[in-house]
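Work through the exercises below with the sequence and the model at hand. Each task is followed by a solution in steps.

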Amino acid sequence: MQHTITGTTMPVLQIGLAPGETIIAEPGEFAWMTESITLNTTTQTAGARGLFGAIGRALSGGGLFMTEYTAQGSPGLISFAAKVPGSIHQLDVPAGHSYMIHKHGFLCATPGVQLSTGFQRQLGAGIFGGNGFLLQRLQGPCTAFVELGGESVMYDLRPGETLRVHPGHIGMFQETVSFDIVMLRGIKNMFFGGDGLYVARLTGPGKVWLQSMTVPNLAHALAPYLSGETVQASPTQIGGAAVAGSILGDIFRS
């Protein structure tokens with residue numbers, strides 16, 4: 001398998017498969033592919049063993065079904081495009097190792113990947129759309145690709161070194177990193193500081209990737225262009241709002 005990542009703001013992952021090679025992704029994620037690529041949609045992949053395994057994967061943020069893309073008879077090419085402005089990262093995950101990634105971070109991986117719920121916490125109806133906070137565990141052995149929003153910043157934490165991060169900005173981290181959700185200190189900070197009630201605490205050793213863009217922040221930035229006031233706007237503004245609405249619809253359906 002060979003791959004290239006093309007572009008900057010909205011990157012595209014292109015994967016060249018030799019005959020018989022397979023890549024696994026959620027259904028409907030591919031952007032384009034050559035004629036030699038065949039599809040097999042199934043629940044029995046990405047670590048799922050039986051129906052309950054597939055349901056557990058779905059609860060972790062993945063799909064109940066997954067699709068295997070295989071090159072048959074001749075080499076093939078398949079491409080995956082980023083869903084939001086950001087970056088695509090390659091992870092080489094040996095057997096017995098794992099990463100924690102944000103709910104919508106998984107893009108695709110080679111056979112051997114295992115996806116499951118890594119962390120889940122309800123944080124109140126006003127945070128993350130009432131769905132709480134969830135991380136997906138990605139285990140190997142496999143080569144996987146993860147999508148992060150906006151710019152990515154990586155930290156290599158030493159043993160005992162701690163970062164406090166707004167939960168939405170967590171992209172992924174090695175599972176050697178200790179992770180928890182804690183309440184923000186100080187009553188005034190909690191209710192009047194505008195930073196929310198909770199922060200994530202990550203403690204080394206291990207690598208942490210943070211993302212500058214979160215889907216809730218993107219939705220908040222686009223909200224003024226989606227309100228009823230845009231009806232009174234110019235045709236150009238209305239067209240821009242329609243495009244923004246289409247983008248948001250794609251994001252929240254993913």
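**Exercise 1. An aromatic pair**

Task: Decide whether Trp209 is buried or exposed in this predicted model, then describe the aromatic pair that Trp209 forms with Tyr99.

Solution:
- Step 1. The relative accessible area of Trp209 is 12%. Buried means under 20%, so Trp209 is buried.
- Step 2. The ring partner, Tyr99, has a relative accessibility of 11% and therefore counts as buried by the same cut-off.
- Step 3. A search of the whole structure gives 4 aromatic pairs. In the one formed by Tyr99 and Trp209, the ring centres are 6.1 Å apart and the planes make an angle of 55°. Planes under 30 degrees apart count as stacked and those over 60 as edge-to-face, so the pair of Tyr99 and Trp209 is classed as tilted.
- Step 4. Tyr99 sits in strand 9 (residues 98–102) and Trp209 in strand 19 (residues 206–211). With these positions 110 residues apart in sequence, the pair links distant parts of the chain.
- Step 5. Aromatic residues also group elsewhere: Phe30, Tyr69 and Phe80 make up one cluster.

**Exercise 2. A three-stranded sheet**

Task: Work out the strand order of the open sheet that contains strands 15, 17 and 18, and name its edge strands.

Solution:
- Step 1. The order is 15-18-17, and the pairing is antiparallel.
- Step 2. Strand 15 (162–165) and strand 17 (178–183) each pair on one side only, which makes them the edge strands.
- Step 3. On average, neighbouring strands of this sheet are turned by 25° against each other, direction ignored.
- Step 4. Between strand 17 and strand 18 (residues 198–203) there are 6 bridges, in the antiparallel sense. Ser178 has Thr203 of strand 18 as its bridge partner.

**Exercise 3. The hairpin of strands 1 and 2**

Task: Describe how strand 1 and strand 2 are joined, and say which residue of the hairpin takes a positive phi.

Solution:
- Step 1. Strand 1 (residues 2–6) and strand 2 (residues 12–17) run antiparallel and are joined by 5 bridges.
- Step 2. Thr6 has Val12 in strand 2 as its bridge partner.
- Step 3. There are 5 residues between the strands, and Gly7 has the positive phi, near 100°.

**Exercise 4. The whole chain**

Task: How many helices and strands does the chain have, and what percentage of its residues is buried?

Solution:
- Step 1. The chain has 4 helices and 19 strands.
- Step 2. Of its 254 residues, 43% are buried.
- Step 3. For contacts between residues at least 6 apart in sequence, 75% join residues at least 24 apart.
- Step 4. The accessible surface is about 12900 Å², with 57% belonging to carbon and sulfur atoms.

Technical notes. Residues numbered from 1 in each chain as written. Predicted model: local features only at pLDDT ≥ 70, side-chain atom pairs only at ≥ 80, totals over all residues. Heavy atoms only, no water. Pairing = 2+ DSSP bridges. Helix = DSSP H or I, 4+ residues; strand = E, 2+ residues; numbered from the N terminus. Buried < 20%, exposed > 50% of the residue type's maximum accessible area, 1.4 Å probe, protein only. Contact = heavy atoms within 4.5 Å. Areas by Shrake-Rupley, 256 points an atom, 1.4 Å probe, with all protein chains shown as cover. Axes fitted to C-alpha atoms, helices over the stretch in contact; angles between N-to-C directions. Phe/Tyr/Trp six-rings, centres within 6.5 Å; stacked < 30°, edge-to-face > 60°.
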